[in-house]
Every structure is written in structure tokens, then in C-alpha cells.
Amino acid sequence: IFLMAAKVIILSLFCFAVVQSQVDLTLVPNASGSDVVKAVVSKIETARLFPTDHRLLRRIAYVESLDGEDTRAFRDGYHGGIWQVNRATLIDTQNLSAHPGLVSLYDKVQAYFGIDWRFVTWEDLRMPLYSGLAARIYLWSVGGIPLAGEIDAQATYWRTIYKYNGTEKDFVSLVKALEKEENCRVDVDLIFVLDSSGSIRSVNFQKVREFVKNFITSGITIGQDEDQVGVIVFSNGAQVVFNLDAYQNQAQLLSAVDNIPYIGSGTNTAAALCQLIDEGFTERGGARLDLKTVLRVAIVMTDGKSNNPSDTLIAAARVHDFRPSVLVYAVGVTDDVNQEELNAIATSAESVENLESFDDSLLKEYQEERSYEICEKVSSPEDVGESINGTLEQGEQARFQ
């Protein structure tokens, strides 16, 4: 009897299988919520098909439908989805005579997402990714999106080209509520690694100081139990200007940034990267060790090629091997940068940025985008899925769409 029971148990194990899979909610009709919206925005931004939208796509999702949670978002007979894209707006995104540039964009959308936009229907927009893409293609065709920090200007833009019967006051109040809700959930240890070589010139280095100050005043809360900022500069060598725990209030920190020295001379990027992990992100340098509550970020800014590219590549590899890990952004200003070095320094291709010059608006735009992105890195999943559990009998297959 015992042997027979054992055979039955073993046979049962072969006859049944527990299946667990992930469903991509960005492709599920009527899916909603902030995580779904963030996943759609992340997919679109990662594809790098469009210039920056200054967070407008994220904001419109909340303003239009509370991320799809509004009871009217998926009402009968209306298929605009989370971004509430009207039928006429979708048709405009498919109007090649009005927007000839759509042809090349269609090819990119097809290659990256596997979607032939010419045949997308209004009903398809109930799927979050399709709704978000429709909104983003439309915004691209109009262009001229104001900076993220210019909420009033974005409100006017939204009312003028997107929601003709909306009010700017509603947009501003809802966006402010969204920004408050999406404050960073963990603290940040942030180190700026700044090129102070001769090619930068003093006048541009002052713009770099302002860039750092804008970061500090845009969403960072300075304090020992909140966010910390350190600075390293490099020229012929590298030096820590101040460690992460040097200043515990904003006023003192801003004053210290005003006094970051401009050195001139060479570009020893390798020395700066070594300093980043040998001093900057160490306990004696003020770095915190609890990665459950602290995100480590470095922003490396340079305007040219390093003195010794091979040393720079070796030092960059050391940074990426360093534990606890560091999220590294690499910013190359002017067309004289070594792209191989930038790519090696950055954590990923998405963490590399090339700016044409030290123009104030370009630096401000980059600062705003990274400020918001750093929060997104610690508060939103890259992929949103829902666990599906089920039991299959022998010979059955599971199919997921």
C-alpha cells in the first residue's frame, strides 16, 4: 500500500505543473495605477525615440485621469485610455501629409516596440503603452514643450494643444499634488565629479557651479538623515573639495559650492574616478552604508578627452566593480569629448548625455531631467507585471498575451 501511494504521488507530480508567469500590464486593456504609468514612461524614454518631454507625459497621465484611477477614465464608448487621447488626436498622429517626419518615426516604433502605428485603432489605446505612445507622438509632432520646472508654462501648453476645455489652475494643482506624492522614497548620497581643466575656462566653470546649486535646490533635502552632497574636482590631479557629510544644511552647502575652485591645466579623469571610490563613497568620506535607504549617485562632467584614456577606462571599470554599487551619469559638454570614455564611465547607455555647450538652458534642462530621474530610479519598477498562478494537467500549455 505504501509503495502504491508513493507511485501515485510521483505520478501526480508529473501530471500537474504549477505555472507562474509575468503579464506586462502596459499591454493589458484598462490597466491603471502609478506603477503602470511609470512603466510606460520608462519604456518610451528607454527607447530614445523622442527628445526629452520635461516630464510632461508623466504629468498628463495624472492630470487627465489620475493615472487611470479616475472612474471616468475607461468609460463606455471612450477609448483614449490613461492619457485620454481623443480619436481626432490619434488620427493626427497617423496623418503623414501633415507630419511627413512620422514616416521615419513609424519605422523606429515598429523596430523597438513591434507596433505598426499606421494600423493602430482608437480601441487599442485602452492599453496603457498604446495610449502613452499616442500622446507622446502627438506631443512630438507639436514640439516646443516647456521645461519641467516651468509648471505654469506647461499648464498653458497643455490647455492650448491638448485639453482645450481644461484650466491651467487644475493642471498646476494636480501636478503639484503629483510631485508631492512622488518625492524620493530613499535618501541620496550624491557626488559631483567636475572637470576643472584649462579648456573649461573660468566663465563656464561658474555655470557648472550654478548647475550644482540648481540640483541642490531642486528636490534635494540636505541633512545627515536625508540627502548628502559631495564634490570632487580634477585637472592635472584630483581633489575632494568637500565630503558627503561636510554640510548638513542647504545654506552652508550652497555657499561651499560658490567656493569650488577652478584650477585650469590638464584633464586627469582617471584620478578623479579613483578618488570617487577611494575617498568619496567610503565611510570616512561620509557615505552611508545602508543601501536599503540610501542611493549612491555620481555625476561626472567633462568637456574633453582625458590625459590618459587607457587609465581612464581602467578607473571606470574599478568604479563599476565597486561595492556597494554607484549609479554613474556621464555628461560630455562640447563635441571635443571622448565618447568611448563617457560610455565607459556611465552606468549604462541611458546614463550618458552629450551637451553642445555650457549654455545655461542646456545645463538647466539636463539638471531637471536628472533630478526627476534619480527619484524615479528608487521609486518605480522598470517592468510592471502581475503574477499568474495556475495548475496545468499533463499535455496542456499556458498561453499569455
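Start by selecting helix α7, residues 151-161, in this predicted model, and then bring up what packs over its buried residues: the cover includes α3 (56-65), α6 (128-142) and α8 (168-181). Which residues of α7 are buried? Colour Ile151, Gln154, Ala155, Tyr157, Trp158 and Ile161, and you have them. Now turn the view until you look down the axis of α7: the buried residues fall within an arc of 165°, so they line one face of the helix. The spacing fits a general rule: an α-helix has 3.6 residues a turn, so residues three or four places apart point the same way.

**Next stop: α3 and its two partners**

Keep α3 and α6 on screen and hide α7 for a moment. The axes of α3 and α6 come within 10 Å of each other, crossing at roughly 125°. The two helices are therefore oblique to each other, and the crossing of α3 past α6 is right-handed. Show side chains here: on the α3 side you will find Leu56, Leu57 and Ile60, which meet Gly132, Ala135, Arg136 and Leu139 of α6.

Now add helix α2, residues 34-47, whose axis also comes within 10 Å of that of α3, with a crossing angle of roughly 155°. That angle makes α2 roughly antiparallel to α3. As you rotate the pair, note that α2 passes α3 in a right-handed crossing. The residues to pick out in α2 are Ser34, Val37, Lys38, Val41 and Ile44, which meet Leu57, Arg58 and Ala61 in α3. Leu57 is worth a label of its own, as it appears in the α3 set that meets α6 and in the α3 set that meets α2.

**Two arginines in the loop**

Follow the chain from α2 towards α3 and stop at Arg48, in the loop between these helices. Arg48 is not a glycine, yet its phi is positive, at about 55°. With a relative accessible area of 49%, Arg48 is partly exposed.

Further along, Arg55 also sits in the loop between α2 and α3. Its phi is positive too, at about 65°, again without the residue being a glycine. Is Arg55 buried or exposed? Arg55 is buried, with a relative accessible area of 9%.

From Arg55, jump to Glu368: the two are 313 residues apart in sequence, but their C-alpha atoms are 9.3 Å apart in space. Glu368 belongs to helix α14, residues 360-379, and is buried at a relative accessible area of 6%.

**On to the sheet**

Select the strands in the order β4-β3-β2-β5-β6-β7 and you have an open sheet of 6 strands with mixed pairing. Its edges are β4 and β7 (352-355), each of which pairs on one side only. On average, neighbouring strands of this sheet are turned by 20° against each other, direction ignored.

Begin at the β4 edge. Strand β4, residues 238-242, pairs with β3 in the antiparallel sense over 4 bridges. The two strands form a hairpin with 3 residues between them. To see one of the bridges, select Phe234 and its partner in β4, Ala238.

Then cross to the other edge, where β6 (residues 327-333) and β7 pair in the parallel sense, also over 4 bridges. Here Ala330 stands opposite Val352 in β7.

Which helix lies across β2, β3, β4 and β5? Select α11, residues 269-280, to see it laid over β2 (187-195), β3, β4 and β5 (294-302), running at about 45° to β4.

**A glycine before β3**

Go back to the loop between α9 (202-217) and β3 (228-234) and pick Gly223. Its relative accessibility is 6%, so Gly223 counts as buried. Leaving aside neighbours within four places in sequence, Gly223 is in contact with Gln228, Gln248 and Arg288. Add Gln250 to the view as well: it is 27 residues from Gly223 along the chain, with 8.2 Å between their C-alpha atoms.

**Zoom out**

To finish, show the whole chain, with its 14 helices and 8 strands. Of its 401 residues, 49% count as buried. Among contacts between residues at least 6 apart in sequence, 73% join residues at least 24 apart.

How values were computed:
Residues are numbered from 1 along each chain as its sequence is written. This is a predicted model: local features need pLDDT of at least 70, side-chain atom pairs count only at pLDDT 80 or more; totals for chains, interfaces and linings use all residues. Side-chain values use heavy atoms; hydrogens and water are left out. Buried means under 20% relative accessible area, exposed over 50%, partly exposed in between (1.4 Å probe, protein chains only). The arc is that of the directions from the helix axis to the C-beta atoms. Contact means heavy atoms within 4.5 Å. Two strands pair if DSSP finds at least two bridges between them. Axes are lines fitted to C-alpha atoms, for helices over the stretch in contact, and angles run from 0 to 180 degrees between N-to-C directions. Angles under 35 degrees count as roughly parallel, over 145 as roughly antiparallel, 65 to 115 as roughly perpendicular and the rest as oblique. A crossing is left-handed if the near helix is turned anticlockwise from the far one by less than a right angle, and right-handed if clockwise.
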